[in-house]
Amino acid sequence: MTAKTNDPLVAQRADPFVYKHSDGFYYFTGSVPTYDRIELRKSATIEGLQDAETFDVWFKHESGPMSRHIWAPEIHYLDGKWYIYFAASEEEDIWALRPYVLECTGQDPLNDEWVELGMMQAADGDEKSFIDFSLDATVFENNGKRYFCWAEKTGGQFAASNLYLAEMESPIKLKTTQFMLTTPDYDWERVDFWVNEGPAVLKHNGKIFIAFSASATGACYCMGYMEADENADLLDRNSWTKTRHPVLQTDYDKKIYGPGHNCFTVAEDDVTPLCVYHARDYEHAVGDPSVVPKTDTRPLEEIKQDPLYDPNRHARVMEVKFDAEGKPVFELY
């Protein structure tokens, strides 16, 4: 990666996720503005993702589960197979978001068939996970264990969104009951909505950092992180500390508005950590009626005020640096 600007890496792709596979290629996915499909693209370089061919690998259903709000897909390679984790609701209940899983039948995720494995399964005896508004799941491994981290609102759409963590039994089922990693404690996590969401995992010098996004999706959207020692019990609240202030937020001078929902990958040298995030070029989101589902019958003026239907959250990339204490620094160029 050579670019040192805040220019978009991939235009109109919110919630970006980039995975560098053992074949040396980068695989990219994200929320498309119409929220009706999952697409993938592939490139030998980070910058090549900008113009890479897109492949639509899955489309939403017409009704029932997985028929509305196809959000924040992530592609992972686990146990020799490709998986995509994403959130979806249904036309009959558009805020009934839950985490779902796709599995690729072959080793070419762009061209081989993807099959639906249904909703992510809670651990035996866990009656709390995935029973309410749930989204933004990610997967990571540490010390021989695999973990699932996601956001969930217990109490409906307008409740606080917390981050939860659990060990995984398989790619489609949890092994342990949910552990609440973080809830919106601070003022910067509570603007318009009380939100912790979009977890992303970065490891450095024996530490695990789980970055997350906070507040509503406009210019107030920002990032903080949780930090733990890699040898600590990750399912113990005492193992984690939270940043007191956001580590990435709107920069009016640089015209970067509402940065967040990031992922981490590495540059072509396989060493330099990169943060891929989304942000707008302007402060006030304007809903675009052309990307709103036909079943949405709200008045035009109301749609124009809905930030979820402003398509201009662009995927961007920055190099992650570290301070003298080994903590990540997110600097807009």
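Which residues line the largest cavity? In this predicted model, the lining is made up of Gln12, Ala14, Ser31, Val32, Pro33, Tyr35, Val291, Leu308, Tyr309, Asp310, Pro311 and Arg313. The volume of the largest cavity is about 70 Å³. A search of the whole structure returns one cavity of 30 Å³ or more. By class, the cavity lining holds eight nonpolar, two polar and two charged residues.

Open pockets were examined next. The largest pocket encloses about 760 Å³ of space. Its lining comprises 37 residues. Those nearest the centre of the largest pocket are Trp95, Phe193, Thr217, Pro307 and Leu308. Leu308 also belongs to the lining of the largest cavity. Two or more lining residues of the largest pocket come from each of β5 (68-78), β7 (93-104) and β9 (134-142). Strand β5 supplies the largest share, four residues. The lining of the largest pocket contains 17 nonpolar residues, nine polar residues and 11 charged residues.

The second largest pocket holds about 480 Å³ of space. It is lined by 23 residues. Closest to the centre of the second largest pocket are Tyr19, His76, Val139, Phe140 and Val201. The elements that contribute two or more residues to this lining are β1 (14-20), β5, β9, β14 (196-204) and β18 (257-266). Strand β14 gives the most, with five residues. The lining of the second largest pocket divides into 14 nonpolar, three polar and six charged residues. Strands β5 and β9 each give two or more residues to the largest pocket, and both do so for the second largest pocket.

Strand β9 is itself well covered. Eight of its nine residues are buried, so β9 is largely enclosed by the rest of the structure. Its partner is strand β10 (residues 145-153), which pairs with β9 in the antiparallel sense over seven bridges. Within this pairing, Asn142 stands opposite Lys145 in β10. The two strands form a hairpin with two residues between them. In the turn, Asn143 has a positive phi of about 50°. A salt bridge joins Glu141 to Arg146, with the closest N and O atoms 2.7 Å apart. The two partners differ in burial. Glu141 counts as partly exposed because its relative accessibility is 41%, a value between the 20% and 50% limits. Arg146 is buried, with a relative accessible area of 14%.

Salt bridges in the structure number 20. One of them joins the side chains of Arg68 and Asp296 (3.6 Å, N to O). This pair links distant parts of the chain. Arg68 lies in strand β5, whereas Asp296 lies in the loop between β19 (273-280) and α1 (300-304). The two residues are 228 residues apart. Both ends of the bridge are buried: Arg68 has a relative accessible area of 4%, and Asp296 has a relative accessibility of 15%. Each value falls under 20%, the limit for burial. Arg68 and Asp296 also belong to a network of salt bridges that includes Glu91, Arg298 and Asp306.

A further salt bridge brings together the side chains of Glu39 and Arg41 (3.5 Å, N to O). Glu39 is buried, with a relative accessible area of 4%. Arg41 is buried as well, at 6%.

Strand β3 (residues 37-43) is antiparallel to β4, and four bridges join the two strands. The bridge partner of Glu39 in β4 is Asp56. Strands β3 and β4 are part of an open sheet of four strands, in the order β1-β2-β3-β4, with antiparallel pairing. The edge strands are β1 and β4 (55-59), each pairing on one side only. From one strand to the next, the twist averages 25°. Edge strand β1 is also among the elements that give two or more residues to the lining of the second largest pocket.

Note on methods. Residues numbered from 1 in each chain as written. Predicted model: local features only at pLDDT ≥ 70, side-chain atom pairs only at ≥ 80, totals over all residues. Heavy atoms only, no water. 1 Å grid on protein atoms, 1.4 Å probe; cavity = no way out; pocket = protein on both sides within 12 Å on 5 of 7 lines; lining within 4 Å. Points joined across faces, edges and corners; volume = space filled by probe spheres on them. Nonpolar A, V, L, I, M, F, W, Y, C, P; charged D, E, K, R; others polar. Buried < 20%, exposed > 50% of the residue type's maximum accessible area, 1.4 Å probe, protein only. Pairing = 2+ DSSP bridges. Salt bridge = Lys/Arg side-chain N within 4 Å of Asp/Glu carboxyl O. Axes fitted to C-alpha atoms, helices over the stretch in contact; angles between N-to-C directions.
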